[in-house]
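Please walk through this structure with the sequence and the model side by side. The text below takes the rings first, then one strand, then the chain as a whole.

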Amino acid sequence: MLSFMKVKFIKSALRPPEYPFPYKPEVAVVGRSNAGKSSFINAFVGQKIAKVSSTPGKTRLLNFFELNEQLYLVDCPGYGFAKGSLQEALSWQAMVETYLTSRETLKGVVVIMDMRRDWDDEERLLQKWFEHHKTPWILVLNKSDKLSRSAGLQRKAKLTKILEGVPIYLVSSSKKTGFDEVKNVLFKEWGK
Ligand code: GDP
């Protein structure tokens, strides 16, 4: 598959008037903080464009990138690290839900999850939003290198039951494995 990817940073945005003009099909990437969302994006594009383990609490924006002059990828801020900080959770929800519901070029969402974690409240909330707004999405189980193959398949089977038909992919951002199928979804299905 694609080994070289042309990547261009477009801009950061908080509210719809700041979003870039919707020229291209768009894909959003979300994930719990520390799931490896930044590592996934960097491995996916083959360049360090997303910050790894950025400090919680600083201004968190939607970062728009253009990939291969074909689609826009939006790096959404991580959620979940501020258990107890209701204000932060609410501002994350407002920003991400506004984006998900208002972006007419959004073709799908990639949810990055540390595959050792359980499906939790925030994931259930995302799942509800996607169902309600009929947003196509896939689940990417990251850090597959941390589990044996059979343990990984067991986790996948458990989540398959919960998600009822949502495609699930296993990747390791550290070892750069499992990316071809995800690239197919983004460039051949959503990015057309
Ligand atoms: P983010 O907060 O979701 O953006 O997560 P980061 O990309 O900053 O990754 C969080 C931590 O997990 C870092 O220490 C990464 O090195 C580590 N990490 C990310 N992906 C993988 C992976 O596939 N395998 C392993 N073993 N560690 C990973």
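Tyr-99 has a relative accessibility of 0% in this predicted model, and it therefore counts as buried, the limit being under 20%. Where does Tyr-99 lie, and where does Tyr-19 lie? Tyr-99 is part of helix α2, residues 86-102, while Tyr-19 sits in the loop between β1 (7-13) and β2. The whole structure holds 13 aromatic pairs. In the pair formed by Tyr-19 and Tyr-99, the ring centres are 5.7 Å apart and the planes stand at 75°, so this pair is edge-to-face. Because one ring belongs to the loop and the other to the helix, the pair ties together parts that are 80 residues apart in sequence. Tyr-19 is also buried, with a relative accessible area of 8%.

Another pair is made by Phe-40 and Phe-179. Their ring centres are 5.3 Å apart and their planes meet at 20°, so the pair is stacked. Phe-40 belongs to helix α1 (residues 37-45) and Phe-179 to helix α5 (residues 179-190), so that distant parts of the chain, 139 residues apart, are linked by this pair. Phe-40 counts as buried at 2% relative accessibility, and Phe-179 is buried at 5% relative accessible area. Phe-44 and Phe-187 join Phe-40 and Phe-179 in a cluster linked by ring pairs. A charged side chain is found here as well: Lys-183 lies over the face of Phe-44, 5.7 Å from the ring centre.

The next stop is strand β4. This strand covers residues 71-75, and 5 of its 5 residues are buried. Leu-71, Leu-73 and Asp-75 point one way from β4, whereas Tyr-72 and Val-74 point the other way. Which strands pair with β4, and in what sense? Strand β2, residues 26-31, pairs with β4 in the parallel sense over 4 bridges, and Val-29 stands opposite Asp-75 of β4. Strand β3, residues 62-67, runs antiparallel to β4 and is joined to it by 5 bridges. There, Glu-66 stands opposite Tyr-72 of β4. The hairpin of β3 and β4 has 3 residues between the strands, and Asn-68 in this hairpin takes a positive phi near 50°.

Asp-75 deserves a separate look. Is this strand β4 residue buried or exposed? With a relative accessible area of 6%, Asp-75 is buried, because the limit is under 20%. Its side chain makes a polar contact of 2.5 Å with the side chain of Lys-37. Leaving aside neighbours within four places in sequence, Asp-75 is in contact with residues including Val-29, Lys-37, Ile-41, Ala-50 and Phe-65. Val-29 thus appears twice, as a contact of Asp-75 and as the residue opposite Asp-75 in the strand pairing.

Last comes the chain as a whole. The chain has 5 helices and 7 strands, which follow one another along the sequence in the pattern β-β-α-β-β-α-β-α-β-α-β-α. For 192 residues, a compact globule would have a radius of gyration near 16 Å, and the chain agrees with this at 16 Å. Its C-alpha atoms fill a box of roughly 45 × 40 × 30 Å along the principal axes. Of the 192 residues, 46% count as buried. Among contacts with a separation of 6 or more, 77% come from residues 24 or more positions apart.

Conventions:
Residues numbered from 1 in each chain as written. Predicted model: local features only at pLDDT ≥ 70, side-chain atom pairs only at ≥ 80, totals over all residues. Heavy atoms only, no water. Buried < 20%, exposed > 50% of the residue type's maximum accessible area, 1.4 Å probe, protein only. Helix = DSSP H or I, 4+ residues; strand = E, 2+ residues; numbered from the N terminus. Pairing = 2+ DSSP bridges. Polar contact = N/O pair within 3.5 Å; in protein donor to acceptor, adjacent residues only side chain to side chain. Contact = heavy atoms within 4.5 Å. Phe/Tyr/Trp six-rings, centres within 6.5 Å; stacked < 30°, edge-to-face > 60°. Lys NZ or Arg CZ within 6 Å of the ring centre and 35° of its normal. Rg over C-alpha atoms; globule rule 2.2 N^0.38 Å.
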